Amino acid sequence: MTSPPRRSEDTAGDADVMRRIRAGDRSAIDDLYERFRRPAFALARRILGDDALAEDVLQEVFLSVWRDPAAFDRGRGSVASWLLAVVHHKAVDSVRREESQRRRQAQAEDEMALDAPTATRDVEDDAWSRVVAEQVRTAMGLLSQPQREALTLAYYGGYTQREVAALTGTPLGTVKTRMLAGMRRLKQELGGPAGNSALDTISSTEDSR
């Protein structure tokens, strides 16, 4: 079934097309599209400023008409005024969605920009910690066994001098002497910023806390 091209005022023809759509005539939605494609697209494009988005809106509008033709109430106006009102409504919704998406994308980019330096610092700190740990492990091998035991418990175990004394069954004074001698030896072996970093870590476990 075909329909003539829509005249400027063909309310009867428009109403007939809507009647056919309600009846399930698939060709009727094509006729409706042909009748209103140009003014509907012009309206959507004026609101959106984008051809592709305007085409998307038109597709959404005519699909909604096909799915729910009862949404048109003849008593409230012509098909033309109703259909263009639907186009206007959906185009405005599309503008809002696009704006919301742009805001979320901008926010995500800002968050990534803020996180990037922190992530870089974390990697650098981790790499530096590994270097220091390896140097300390090597220098530890040069200490006497009692010195190494006391400092290992303090450096790797995080125990205080008093706790090291209890764990090794050694007087606290002896533990302090061993750790002091061991730290002096480590300072000689390590030196530089890596040695200072390691010794700071060991010093933080002393019973002075």
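Buried, in these notes, means under 20% relative accessible area, exposed means over 50%, and partly exposed is in between, with a 1.4 Å probe and protein chains only. With that rule I looked up the whole protein and found that buried residues make up 30% of its 209 residues.

**Ground rules**

I am working from a predicted model, where local features need pLDDT of at least 70, side-chain atom pairs count only at pLDDT 80 or more, and totals for chains, interfaces and linings use all residues. Residues are numbered from 1 along each chain as its sequence is written, and side-chain values use heavy atoms, with hydrogens and water left out.

**Entry: overall layout**

I looked up the secondary structure, taking helices (H or I, at least four residues) and strands (E, at least two) as DSSP runs numbered from the N terminus. The protein has eight helices and zero strands, so my sketch of the order from the N terminus reads α-α-α-α-α-α-α-α.

Next came contacts, meaning heavy atoms within 4.5 Å. Of the contacts with a separation of 6 or more, 59% are between residues 24 or more positions apart.

I also noted the accessible surface, which comes from the Shrake-Rupley method with a 1.4 Å probe; for residues, only the protein chains shown count as cover. The protein's surface comes to about 13,000 Å², and carbon and sulfur atoms hold 51% of it.

**Entry: confidence**

I checked pLDDT, the predictor's confidence in each residue on a scale from 0 to 100. The average is 81, and 81% of the residues score at least 70. Which elements mark the two ends of the range of mean pLDDT? Helix α8 (residues 192–203) has the lowest mean, 59, and α3 has the highest, 95. I flagged residues 1–6, where the pLDDT is below 50; this stretch still has 14 contacts in the model beyond near neighbours in sequence.

**Entry: nonpolar cores**

I then went after the nonpolar cores, each a set of buried Ala, Val, Leu, Ile, Met, Phe, Trp, Tyr and Cys residues joined through side-chain atoms within 4.5 Å. The largest has 25 residues, and those touching the most other members are Met18, Ile21, Leu32, Val65 and Leu83. Two or more residues come from each of α1 (11–22), α2, α3 and α4. Helix α2 gives the largest share, eight residues.

I followed Leu83 a little further. Leaving aside neighbours within four places in sequence, Leu83 is in contact with Leu32, Phe36, Val61, Phe62 and Val65. There is also a second, separate core of 16 residues, and Tyr155, Ala165, Leu186 and Leu190 are among them.

**Entry: aromatic pairs**

A pair of aromatic rings is described by the distance of the centres and the angle of the planes. I paired rings of Phe, Tyr and Trp (its six-membered ring) if their centres lie within 6.5 Å, calling planes under 30 degrees apart stacked, over 60 edge-to-face and the rest tilted. By this rule I count two aromatic pairs.

Tyr33 and Phe62 are edge-to-face, with 5.2 Å centre to centre and 70 degrees between the planes. This pair links distant parts of the chain, as Tyr33 is in helix α2 and Phe62 in helix α3 (residues 51–67), 29 residues apart. Tyr33 counts as partly exposed because its relative accessibility is 27%, whereas Phe62 is buried at 6%.

The rings of Phe72 and Trp82 have centres 5.3 Å apart and planes at 50 degrees, so I logged the pair as tilted. Phe72 is buried, with a relative accessible area of 5%, and Trp82 is buried too, at 17%.

**Entry: three residues in α2 and α4**

Asp31 is found in helix α2 (residues 26–48). Is Asp31 buried or exposed? Asp31 counts as buried, because its relative accessibility is 12%. I looked for polar contacts, which are pairs of N or O atoms within 3.5 Å; within protein, one must be able to donate a hydrogen and the other to accept it, and residues adjacent in sequence count only if both atoms are side-chain atoms. The Asp31 side chain makes one with the side chain of Arg20, at 2.7 Å.

Ile47 is also in helix α2, and is partly exposed with a relative accessible area of 26%. Not counting residues up to four places away in sequence, Ile47 touches His88, Ala91, Val92 and Val95. From Ile47 to Val87 I noted 9.9 Å, C-alpha to C-alpha, with their positions 40 residues apart in sequence.

Ala85 lies in helix α4 and counts as partly exposed at 43% relative accessibility. Its C-alpha atom is separated by 9.5 Å from that of Ala40, 45 residues apart along the chain.
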